[in-house]
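This report describes the strand pairing, the ligand shell and one loop residue of the protein shown below.

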Amino acid sequence: MHVRKGAVFAVVERNELHHPERAVPDPGGLRPPRLSPDPNRQTIMAGELERLASDIRHCRRCVEAPDGTPLPHEPRPVLRVSSHARICICGQAPGSRVHASGVPFTDPSGDRLRDWMGVSEAEFYDAERIAIIPMGFCFPGLDAKGGDLPPRKECAPLWRQRLFGILPEIELMLLVGGYAQRWHMGTGAARSVTGTVRNWNPGDRLDDGPGLIPLPHPSWRNNAWLKRNPWFGTRVLPVLKREVRTRME
Ligand code: SF4
């Protein structure tokens, strides 16, 4: 566990875009007014977060009471949270490499995501500024073709609402892939990741939550998609970089 500034902590161990013909609107509205936090409330919520994170670290639901086939290995939940982070990356689930290391995005996908966000590795792993909360906390195993299985369906209903209920500082959520987009955008998500990102409007859901930016997965598997859609790099990524940088300072 990485510990900084007392109440701020990170949990690591045991743990497919905007319409190409449309300009990306000014996303200034993504930022709600930043109010002075109540220190007493912050301390209470930090304690609640630490307890909940500990519960997640010790979760064995997918081996002891699975919905269907049990997890084929020991659970190792991988997430990074803190009570001060203003940015949250909501990905899919750890792959085999992350399952082994316990550290998220330690692969070429992570390099590309950091490049998209315009952050250094040190900034990316600063849990005080960036939370990383996948839809499934444990590596779900491989399918018959050797691909990663989808995130365990037990995980999000069990933990997600409680977790985000005590992360009041989150202002910007990067929704990487369809699972996170469907969960956090609800009916605002299209049937495909491409459709969701095409339809994205930076002003979405400003009245009832943090700004949401849907993104494709930064995997090499999307290289062909990225080549077919160069507008993603010229229109969307500058907005993403700007919004991230604003919240890193
Ligand atoms: S995937 Fe989620 S619900 Fe399943 S064991 Fe891991 S932490 Fe628990």
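Four bridges link strand 3 (residues 87-90) to strand 5 (residues 172-176), and the two run parallel. Strands are DSSP runs of E with at least two residues, helices are runs of H or I with at least four, and both are numbered from the N terminus; two strands pair if DSSP finds at least two bridges between them. The model is predicted: local features need pLDDT of at least 70, side-chain atom pairs count only at pLDDT 80 or more, and totals for chains, interfaces and linings use all residues. Residues are numbered from 1 along each chain as its sequence is written.

Strand 5 also pairs with strand 6, as the table shows.

| Partner of strand 5 | Sense and bridges | Opposite residues |
|---|---|---|
| Strand 3 (residues 87-90) | parallel, four bridges | Ile87 and Leu172 |
| Strand 6 (residues 211-215) | parallel, five bridges | Ile213 and Leu174 |

Five of the five residues of strand 5 are buried, that is, 20 or more other C-beta atoms, placed from the backbone, lie within 10 Å of their own (exposed: 12 or fewer; partly exposed: in between). Leu172, Leu174 and Val176 point one way, and Met173 and Leu175 the other. In a regular strand the side chains alternate between the two faces of the sheet.

Around the ligand are 14 residues, of which Cys59, Cys62, Pro75, Cys138 and Cys155 come nearest; a residue is near if its C-beta atom, placed from the backbone, lies within 6 Å. Helix 2 (61-64) and helix 6 (155-165) each supply at least two residues of this shell.

Phe105 lies in the loop between helix 3 (96-101) and helix 4 (108-117). Its phi is positive, near 60 degrees. Phe105 is buried, with 26 other C-beta atoms within 10 Å.
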